[in-house]
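Biologist: I would like a close look at a single part of this predicted model, namely the surroundings of the ligand. Please describe that part first, and then place it within the chain as a whole.

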Amino acid sequence: MNTPAATAAGPEASGVRRTRVKICGLTRPQDLDAAVAAGADAIGLVFYPPSRRCLTLEQAAALRARVPAFVGVTALFVNPEARLVQQVIETVRPDLLQFHGEETPGFCAGFETRHVKAFRAGAPGLATAAELARACAAYGRAAGWLFDSYSAGYGGSGSGFDTALLAEVPRDAGTPALILSGGLKAETVGGQIVALAPFAVDVSSGVESAPGIKDPERIQAFMRAVRAADAARAP
Ligand SMILES: O=C(O)c1ccccc1N[C@@H]1O[C@H](COP(=O)(O)O)[C@@H](O)[C@H]1O
């Protein structure tokens with residue numbers, strides 16, 4: 001839902017003219033190739049055992065090896081042991097870590113690889129715009145703040161959230177990038193981009209035919225919708 005409060009930031013707030021796109025939860029080489037061919041800026045690999053998109057180190061390393069230059073690789077965790085994160089860093093060499101659980105700011109910043117902190121907008125303690133902004137401020141060393149819906153299972157649920165909750169998230173130059181996530185799909189992402197001007201969008205369920213199985217046509221439609229929204233908000 002887009003509200004006047006959320007819209008107030010406007011496209012100029014971030015100075016961004018080309019919304020970055022991350023396609024997350026890839027499990028198959030052909031899906032990775034489809035995401036890259038469609039123009040994704042980054043792909044995401046999940047290391048959360050309860051997720052149907054979770055990969056072994058070996059599977060992830062094989063996918064990583066297919067990623068061409070200038071496409072980023074993000075490794076996604078939920079309350080991981082530091083040892084797992086370190087193993088992923090050494091084996092998969094991600095460009096970014098993405099933490100979706102209750103990891104502390106110190107834990108997130110304790111690795112040589114930079115990180116994105118995900119917030120479940122609407123969760124207890126993150127249920128108002130002021131609470132969400134306060135939570136973000138504690139993670140000032142993140143490269144990005146990602147906003148997802150509050151759902152059982154920590155993420156990848158395909159459900160959205162009330163984006164009015166983002167109204168007080170700092171958008172000044174130098175603050176972590178605002179990454180919009182949670183139930184995005186080709187039919188809705190354009191409106192969200194025009195309203196909120198996120199630095200990036202992150203999608204998983206919205207480009208799938210089943211959990212972990214990406215649909216090339218949905219990926220292409222999603223990318224087209226993002227580019228059309230970028231064009232619509234160009235000065
Ligand atoms: O993809 C998963 O299985 C997952 C598991 C645990 C935490 C996050 C997960 N995915 C991330 O959730 C958001 C929203 O996804 P969706 O588009 O609503 O399906 C996204 O950042 C995924 O990377």
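Modeller: The shell around the ligand is made up of 26 residues, and Cys-24, Ser-51, Gly-155, Gly-156 and Ser-205 are the closest of them. Three strands give two or more residues each to this shell, namely S2, which covers residues 42–46, S6, which covers 144–149, and S8, which covers 200–203. Sorted by class, the shell holds 14 polar residues, nine nonpolar residues and three charged ones.

Two of these strands, S6 and S8, can be followed into their pairing with strand S7. S6 pairs with S7, residues 177–180, in the parallel sense, and the pairing runs over four bridges; within it, Trp-145 has Leu-178 of S7 as its bridge partner. S7 in turn pairs with S8, again in the parallel sense, here over two bridges, and Leu-180 stands opposite Val-201 of S8. Between S7 and S8 the chain passes through helix H7, residues 186–196, and the resulting β-α-β crossover is right-handed.

The loop that leads from H7 to S8 contains Ala-197, and this residue deserves separate attention, since its phi is positive, at about 50°, although Ala-197 is not a glycine. As a general matter, most residues other than glycine have a negative phi. Ala-197 counts as buried because 24 C-beta neighbours lie inside 10 Å, where 20 or more are required. A second residue that is not a glycine but has a positive phi, of about 75°, is Phe-70, which is found in the loop between helix H3, residues 57–64, and strand S3, residues 72–77. Phe-70, however, is exposed, because it has 6 other C-beta atoms within 10 Å and the limit for that class is 12 or fewer.

Two further positions help to show how separate stretches of the chain come together. Thr-19 belongs to the loop between helix H1, residues 4–7, and strand S1, residues 20–23, and it is buried, with 24 other C-beta atoms within 10 Å. The C-alpha atom of Thr-19 is separated by 6.8 Å from that of Asp-230, although these positions lie 211 residues apart along the chain. Ala-135, by contrast, is part of helix H6, residues 129–137, and is partly exposed, with 18 other C-beta atoms within 10 Å. Its C-alpha atom and that of Phe-119, which is 16 residues away along the chain, are separated by 8.3 Å.

As for the wider setting, an unreviewed UniProt entry places the feature "domain: N-(5'phosphoribosyl) anthranilate isomerase (PRAI)" at residues 21–224. The C-alpha atoms at the two ends of residues 21–224 lie 11 Å apart, and the span is 30% helix and 22% strand. Over the whole chain, the secondary structure comes to eight helices and ten strands. The radius of gyration of the chain is 16 Å, close to the 18 Å that the globule rule gives for 235 residues, so the chain is as compact as a globular protein of that length. The C-alpha trace spans about 45 × 40 × 30 Å along its principal axes, and 44% of the 235 residues count as buried.

Technical notes
Residues numbered from 1 in each chain as written. Predicted model: local features only at pLDDT ≥ 70, side-chain atom pairs only at ≥ 80, totals over all residues. UniProt positions renumbered as here; feature names shortened; annotations may be inferred. Near = placed C-beta within 6 Å. Nonpolar A, V, L, I, M, F, W, Y, C, P; charged D, E, K, R; others polar. Pairing = 2+ DSSP bridges. Right-handed = clockwise from strand over helix to strand, strands pointing away. Rg over C-alpha atoms; globule rule 2.2 N^0.38 Å.
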